[in-house]
Amino acid sequence: MTGSAERITAIAAASLLSAALCAPLVAHADTLYSFIDEHGVMHFSDSPASDTRYRRIAGTPPAATTAGKPQPRPAPAALRPHIEHAARQTGLDPALIQAVAQVESAFNPHAESPKGALGLMQLMPATAQRYGVTNPLDPATNLLGGARYLSDLLRLFNDDLELALAAYNAGENAVMKYDNRIPPYRETQAYVPRVLARYAEVQLGQ
C-alpha cells in the first residue's frame with residue numbers, strides 16, 4: 001500500500017509540475033519554486049519567503065529582496081568605499097565582502113538578528129569585541145571587523161572558502177566539531193551556497 005501511495009504521489013507531483021511549467025506566467029506569479037520533502041511530497045510556491053528548501057524551477061527571480069533571501073543587486077554607492085577599504089586591509093576580494101554583506105543583512109547597516117548579531121556583516125557581540133568593533137552599527141568598522149574575521153577563518157581552514165563561510169555562519173568550533181566539514185545545520189548548508197552564488201554574480205558584474 002505504501003508503494004502505491006508513493007507512486008500516486010510521484011505521478012501527481014509530475015502532473016502538477018508539468019502543468020505549472022506549461023501554464024502561462026503572468027503578473028506577480030511569474031516565478032515558480034518547488035521542493036520535495038522527507039515524505040516524497042512535492043511542494044510548490046510562487047513566494048517561498050525564507051524557506052530555503054525551495055528551488056526556482058520556472059520564471060525569472062524577482063528583483064526585490066524577500067525576507068531572509070537577498071536577491072542580486074549592487075552594493076549601495078555609500079558602502080563601496082568601505083568595502084574597498086576592508087578589502088585592502090585584509091587582502092580579501094571586495095566582491096566576497098560584498099556578497100557576505102548582502103546575504104547577511106541585505107546591505108542594512110542597522111540589521112539585528114534574533115540572536116543579537118548586528119550590522120552589515122552581522123557581527124555577534126563577542127566577535128565585534130574580538131576585532132575591536134565598538135560600534136557594530138557603523139558601516140565602515142562593521143565591514144572591516146567582518147572582513148578581518150573572515151580573513152582569519154580562511155587562514156584557519158587553509159583557504160577553503162566553503163569551510164570559512166560555514167564557520168562565519170555557525171562558528172569555527174562547529175566546523176571543527178564535524179571534522180572540518182560544513183555542519184549539518186539547515187541554515188549553514190543553505191548559507192554557504194547562497195554566498196558563493198552571490199560572490200560569483202558580483203565577480204561577473206551583476
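**Exercise 1.** In this predicted model, find which residues Leu150 is in contact with, leaving aside its neighbours within four places in sequence.

*Solution.* Take heavy atoms within 4.5 Å as the contact criterion. Drop the neighbours within four places of Leu150. What remains is Leu92, Leu96, Val100, Ala164, Leu165 and Tyr168.

**Exercise 2.** Place Leu150 in the largest nonpolar core, and state which elements give two or more residues to this core.

*Solution.* The largest nonpolar core has 39 residues. Leu150 is among those with the most contacts inside it, along with Ile97, Val100, Met121, Tyr168 and Tyr191. Next, sort by element. Helix 2 (80-90), helix 3 (94-105), helix 5 (139-156), helix 6 (161-170) and helix 8 (186-203) each give two or more residues. Helix 3 supplies the largest share, seven residues. As background, nonpolar side chains in soluble globular proteins tend to be buried together.

**Exercise 3.** Determine how many of the twelve residues of helix 3 are buried, and what covers them.

*Solution.* Use under 20% relative accessible area as the cut-off for buried. The residues that pass are Ala95, Leu96, Ile97, Gln98, Ala99, Val100, Ala101, Gln102, Val103, Glu104 and Ser105. That is eleven of the twelve, so helix 3 is largely enclosed by the rest of the structure. The cover includes helix 2, helix 5, helix 6 and helix 8.

**Exercise 4.** Check the span of helix 3 against expectation, then describe its N-terminal cap and the residue just after it.

*Solution.* From first C-alpha to last, helix 3 reaches 16 Å. This is close to the 16 Å expected at 1.5 Å a residue. At the N-terminal end, Asp93 is the cap: one of its side-chain oxygens lies 3.0 Å from the backbone nitrogen of Ala95. Just after the helix, Ala106 has a positive phi of about 55°.

Technical notes:
Residues are numbered from 1 along each chain as its sequence is written. This is a predicted model: local features need pLDDT of at least 70, side-chain atom pairs count only at pLDDT 80 or more; totals for chains, interfaces and linings use all residues. Side-chain values use heavy atoms; hydrogens and water are left out. A nonpolar core is a set of buried Ala, Val, Leu, Ile, Met, Phe, Trp, Tyr and Cys residues joined through side-chain atoms within 4.5 Å. Buried means under 20% relative accessible area, exposed over 50%, partly exposed in between (1.4 Å probe, protein chains only). Helices (H or I, at least four residues) and strands (E, at least two) are DSSP runs, numbered from the N terminus. The expected span of a helix is 1.5 Å times one less than its number of residues. A polar contact is a pair of N or O atoms within 3.5 Å; within protein, one must be able to donate a hydrogen and the other to accept it, and residues adjacent in sequence count only if both atoms are side-chain atoms.
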